[in-house]
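Open the model in your viewer and keep the sequence alongside. The tour goes from one selection to the next and says what is there.

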Amino acid sequence: MLGRARRRHLRLPCCALICGALYRLEAGSLAASRAMASLGLSARADASVQGQGLSAGSSKVARRGLAMAPERAAGRAQDTAHVLSIATEYRQEAVILQRSAKRLGYKFQFCGLREKWIGWGTKLVQYRRALKRGLTQGSIAPTDPVLLIDGWDCAIVGPAEEFIDKMARPPYAGGHQPWFAGERICGPDFFKAERIDAVNGDPGTPWKYPNAGCMAGRAEQALGLIEDLLAGSGDGTQPFPEDGNDQGRLHEHLLELGERGDQLPYFVDSACGIFQCLYEAEPQWQMEQPEGSLLPRLRNSLTAETPVVLHGN
């Protein structure tokens, strides 16, 4: 029987706690630099980007990231950026995430607060409920960009206007599918890795497997995907159980459609332009303090992107 591969965490017990500590500090302060240095992240404002070994497609992503950094064109003026976060308990991490999101210009709401957690499917049920309510009541427009993120291990570090702008540009504006965070390990079923590789192709970065903890997209598209996931596999006669594994279902749905040649139901943010998963043996990023930024930012050393959300998984 194969054992689960052992992976080392960074000294990062909860990136939401770090975000909460840093967003109160003045930009460029010595305290901020010391806080990040204590986590093993080098504070180099002029960090160079290492692009060796990238495929041609990823090199283009890196150049785009560098070119966009100084100035970003405004997204669609009518867009409002929303954060929907699953948290059944009002813990410290959730409070920090909420305050950070509001300070950075997002409309924020918890999903499932003080309701029973049955299993990972609860997340999908609560997101569906919140999106349906928001779209029906008009508090969320169908084309509004939304972030659906875990409430206890995520940190929002990029402002709402940056997220809106990224969602209005390629590659995120190139289709109707939502985007999920990418990670380098294929779990919970490692044996699906080769099949996912065959469906998605080689993105030129190691963050190529979907992580269910972070999703971005347009509100109506996100709801449509969640409905499909909850409908269950095959003919949909057996709905996805609320105590099921949401990430396993996510991978299964990708393979169901991809292997029969249908349009893929979602994309993976392998360039880490919106999401950066931090489950790494060694840091894959450099820390910067952009001029005028409320928070220090991580720049991916491979793609040159500065993610909007950090995920401690």
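## Helix H7 and its surroundings

Start with the face of helix H7 that is turned away from its buried side: Glu194 and Ala198 are the exposed residues there. The model on screen is a predicted one.

Now select residues 193–200, the whole of H7, and pick out Ala193, Ile196 and Val199, which are buried. These three lie on the same side of H7, because they cover an arc of only 125 degrees around the axis. In general, an α-helix has 3.6 residues a turn, so residues three or four places apart point the same way.

What do the buried residues of H7 pack against? Show strand S6 and helix H9 (246–258): the buried residues of H7 pack against both. Before leaving, select Gly201, just after H7, where phi is positive at about 80 degrees.

## Strand S5 between its partners

Select residues 179–183, which form strand S5. Five of the five residues are buried, so S5 is largely enclosed by the rest of the structure.

Add strand S6, residues 209–218, which runs antiparallel to S5 and is joined to it by five bridges. To find a matching pair, select Gly182 and look opposite, to Pro210 in S6.

Then add strand S7. S5 pairs with S7 in the parallel sense, over three bridges. Here the residue to select is Trp179, which stands opposite Phe267 in S7.

## Ile274, in a loop

Follow the chain from strand S7 (267–269) towards strand S8 (275–277), and select Ile274 in the loop between them. Is Ile274 buried or exposed? Its relative accessibility is 0%, so Ile274 counts as buried.

Which residues is Ile274 in contact with, leaving aside neighbours within four places in sequence? Select Leu147, Phe163, Met167, Tyr172, Ala216, Asp269, Pro307, Val308 and Val309. For one of these contacts, Met167, draw a distance between C-alpha atoms: Met167 and Ile274 are 107 residues apart along the chain, and their C-alpha atoms are separated by 8.9 Å.

## Glu288, in strand S9

For the last stop, select strand S9, residues 285–288, and within it Glu288. Glu288 has a relative accessible area of 10%. Buried means under 20%, so Glu288 is buried.

Which side chain does the side chain of Glu288 join in a polar contact? Show Arg299: a polar contact of 2.8 Å joins the two side chains, Glu288 and Arg299.

Note on methods. Residues are numbered from 1 along each chain as its sequence is written. This is a predicted model: local features need pLDDT of at least 70, side-chain atom pairs count only at pLDDT 80 or more; totals for chains, interfaces and linings use all residues. Side-chain values use heavy atoms; hydrogens and water are left out. Helices (H or I, at least four residues) and strands (E, at least two) are DSSP runs, numbered from the N terminus. Buried means under 20% relative accessible area, exposed over 50%, partly exposed in between (1.4 Å probe, protein chains only). Contact means heavy atoms within 4.5 Å. Two strands pair if DSSP finds at least two bridges between them. A polar contact is a pair of N or O atoms within 3.5 Å; within protein, one must be able to donate a hydrogen and the other to accept it, and residues adjacent in sequence count only if both atoms are side-chain atoms. The arc is that of the directions from the helix axis to the C-beta atoms.
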